[in-house]
Amino acid sequence: MLVVLSLAPGGTHALAAESAAQTSERDIATLVTDTDHYRPGTKLHVGLRLRLKPGWHTYWINPGDAGEAPTLSVQASGGASGASGTIAWPAPERLRDGPLMSYGYTGDVLLPAELQPSGTGDAPMVLKATAEWLVCAAVCVPEQGQFTLTLPAGDPAPSAEAPLFARAAQARPMESPFAATIAPDGTLSLTGAGLTPAAVREAWFMPLTTGAIDQDADQPMKIADGTLTLALKPGDAFHAAPTLDGVLVLKDPAGETRALSIAARPGPAMAAPAAPAGAPAMALPVPEGAAGGLRMLLLAFAGGLILNLMPCVFPVLMMKAMALTRLAGAHTMARLAGAGAYAAGVVGAFMVLGGIMLTLRAAGAVAGWGFQFQSAAFVAAVCWLLFAVALNLLGVFGMGNGIAALGGAGVTRGGYLGDAMTGVLAVLVATPCTAPFMGAAIAGALTAPAWVAMAVFIAMGAGLAAPYLVLAGVPALARYLPRPGAWMDILRQGLAFPILATCVWLMWVLALQAGATAIAVLGAGLVLVGLAAWLTGLAQGMAMRDGPARQIRLCRALALVALAVAMAMLPGLRAGRAGADAGLVASGPAGTEAFSPTRLAALRAQGRPVFVDMTAAWCISCLVNERVALSSAPVQAAFRDRHVVYMKGDWTNRDATISAFLEAHGRAGVPFYVYYAPGDAQGHVLPQILTSGLVLDALKG
């Protein structure tokens, strides 16, 4: 235990200005000042000094994934009065503990603050401090202390503890000389003189706000002369403030570090700096090593496999099952050829979608799984395409080339191009669904090198196509298929009605996206597609009866004109937020709130339980989960009993805030559900396929 030293005026040596110590098995805590005397009106510095035992640490203003920031309050009385300001935090260390990242201090640390005494200055000034701090090693122990220190009046002189304050001041982040921006995808960009590969070997960012970024995620750095970028992973509180404030640490090749205080303003993602000339080529990394890459591929394949069971693809799969039944008596090679063409269409479509997503994200746009359904024009085009498929199944026209092939020529005529196009159609209608395992695989793909990402999309396509390949290629299974017959015509016509039901669903999606005017455009397009189908069927009938060639050509030309007019209407369709927000949020139970990062952070700070539902009108899995689980009486009763705030994020149209929230949790699409119990920093992520029991179990903790 240290003894409180009496401070006498005069003398040639600095006198100690340190309180009696509070000692534990973990640390020694004292109150110190940088001067041995005080004078009213002259600022002095006070501070909480913690001498931490080896293996123990305390925390910064943002403790990170775990911990709690220290507090210090100093009151002056006696010959002068006053109160301390906020702690002037030194730059912290990064403290990694398994999957968690914390920010804090080890060893001998001083947390300083300013105090300006006011008064007569004749009597000694008594400083009384109250402090709380948390120290952690294998376990965490909260500590608190009350300290008293007396300073006599007189001319201030540096105390024996003044070097501690000088060292803490040197450790404080300095104002950054670089312009800083933060993009919606989390790319932190700095520009300015002095940013060169020769001057900066490594950099990392620590936010002032807890939850602003995923603190444990890697922060890949790219640097060229005058520019530096860090790829941050946005967290729940990423959009909670107008700027992203924090400390950027730059390490030079000699290992020396410099901490900069930055306030990054929103801005577009800068182009990644090119590697400097002569830089050694780096091998393409596989996420988390080869084992991590293999795990990602297996998740992708499993997600694609389960996607066959999702409601999005049922109509198309039924069409392919009917085609396979027609080939039941054919040779194995014939079945495999058709199935191979279908699989090629599936895998090719996945690769194209994956390539578009990666290109958009590289350009700074926010694109996740199902991003194309956030386009009103795409939704209308798919609705027209499926309507044409339904008319074909009903016999309005037969399959030939062009749009007919997209509808599934291979289903009714056995053409390999039709099989491939049916695979493409299966993927297009599957993207509103996210099967289990797919979310993690896609999110991993979007943060991996391009070649790894494309391998993930190929694996998902292989999973979707696998059951059809197995059924076509195993003779023992093919023998169990029913034989072709007249019943197939009835089944073919019956399959038109699930397709038409899908068209109705797409109408509803479009109404939420773009309003009533868009429905009028969609309806006009349906009339034109129906007209084109009827004219095509009319031309086919005349051709079979050896009708006049001129009339046949006229019908076909008019059909193409009708389709061209319909396609010309697509660019005029635009998605708007008002309809979507009003639709999905209003469709939730009473008391449903629209998702807001600021509101979420406020509710969690109040200790309120929050259930976040990320959904979209085009996500069939989302709608099924809401109807079956979230809107069920037991779940709604549990929400009311536990005072759970039900917050719904509508991703029907593009929304950078929701995209950032999804990315912060390692997801690239919806549905996504997370429950924040009071005091739960991470939240409990629920499966993508919900039941009432799963939700109730999550609420019980």
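Reader: When do two strands count as paired, and in what order do the 4 strands of the open sheet run?

Author: Two strands pair if DSSP finds at least two bridges between them. This is a predicted model. In it, 4 strands form an open sheet with antiparallel pairing. Their order is E1-E2-E3-E9.

Reader: Which strands are the edge strands of that sheet?

Author: An edge strand here pairs on one side only. Two strands fit: residues 22–23 and residues 108–115. They are E1 and E9.

Reader: How many bridges join E2 to E3, and which residue of E3 stands opposite Asp27?

Author: E2 covers residues 27–33, and E3 covers residues 44–52. The two run antiparallel, joined by 7 bridges. Opposite Asp27 in E3 stands Leu52.

Reader: Which helix lies across E2, E3 and E9, and at about what angle does it run to E9?

Author: The helix spans residues 162–171 and is H1. It lies across E2, E3 and E9. Its angle to E9 is about 90°.

Reader: Is Ala166 of H1 buried, partly exposed or exposed, and how far is its C-alpha from that of Asp34?

Author: Ala166 lies in helix H1. Its relative accessible area is 41%, so Ala166 is partly exposed. Asp34 is 132 residues away along the chain. The C-alpha separation between Ala166 and Asp34 is 8.9 Å.

Reader: Why is strand E4 described as largely enclosed, and which residue of E8 is the bridge partner of Tyr59?

Author: E4 covers residues 58–64, and 6 of its 7 residues are buried, so the rest of the structure largely encloses it. E4 is joined to E8, residues 100–105, by 3 bridges, and the two strands run antiparallel. The bridge partner of Tyr59 in E8 is Gly104.

Reader: Why do Cys383 and Cys503 not form a disulfide, and what is the distance between their sulfurs?

Author: A disulfide needs cysteine sulfur atoms within 2.5 Å. The closest cysteine sulfur to that of Cys383 is in Cys503, and it is too far for a bond. Cys503 is likewise in no disulfide, with Cys383 holding its nearest cysteine sulfur. The sulfur distance is 4.3 Å.

Reader: Are these two cysteines buried or exposed, and how many disulfides are counted?

Author: Buried means under 20% relative accessible area. Cys383 has 0%, so it is buried. Cys503 has 3%, so it is buried too. The disulfide count is 0.

Reader: What span does H13 reach, and which residue just after it takes a positive phi?

Author: H13 has 19 residues, 496–514. From first C-alpha to last it reaches 27 Å, close to the 27 Å expected at 1.5 Å a residue. Its buried residues include Cys503, Trp505, Leu506 and Val509. Just after H13, at a phi of about 85°, comes Gly515.

Reader: Which residues touch the most other members of the largest nonpolar core, and which helix gives the most to it?

Author: In soluble globular proteins, nonpolar side chains tend to be buried together. The largest nonpolar core here has 79 residues. Those touching the most other members are Phe611, Val612, Met614, Phe661, Val670 and Val695. The helix giving the most, with 15 residues, is H5.

Reader: Which residues does Phe661 contact beyond its neighbours within four places in sequence, and how many residues are in the other core?

Author: Phe661 is in contact with Asp236, Phe595, Leu600, Val612, Met614, Phe672, Val674 and Tyr676. Another core lies apart from the largest one. Its members include Leu44, Ala76, Val135 and Leu149. The size of this other core is 38 residues.

Reader: Where is His643 found, and what is its phi?

Author: His643 is found in the loop between H19 (633–641) and E22 (645–650). At 57% relative accessibility, it counts as exposed. His643 is not a glycine, yet its phi is positive, at about 55°.

Reader: Is Leu560 buried or exposed, and how far apart in space are Leu560 and Leu531?

Author: Leu560 is found in helix H15, residues 549–568. Its relative accessible area is 59%, so Leu560 is exposed. Leu531 is 29 residues away in sequence. C-alpha to C-alpha, the two are apart by 10.0 Å.

Reader: How many helices and strands does the chain have, and what share of its residues count as buried?

Author: The chain has 21 helices and 24 strands. Among contacts with a separation of 6 or more, 74% come from residues 24 or more positions apart. Of the 701 residues, the buried share is 50%.

Technical notes: Residues numbered from 1 in each chain as written. Predicted model: local features only at pLDDT ≥ 70, side-chain atom pairs only at ≥ 80, totals over all residues. Heavy atoms only, no water. Contact = heavy atoms within 4.5 Å. Axes fitted to C-alpha atoms, helices over the stretch in contact; angles between N-to-C directions. Buried < 20%, exposed > 50% of the residue type's maximum accessible area, 1.4 Å probe, protein only. Expected span 1.5 Å × (residues − 1). Core = buried A, V, L, I, M, F, W, Y, C linked by side-chain atoms within 4.5 Å.
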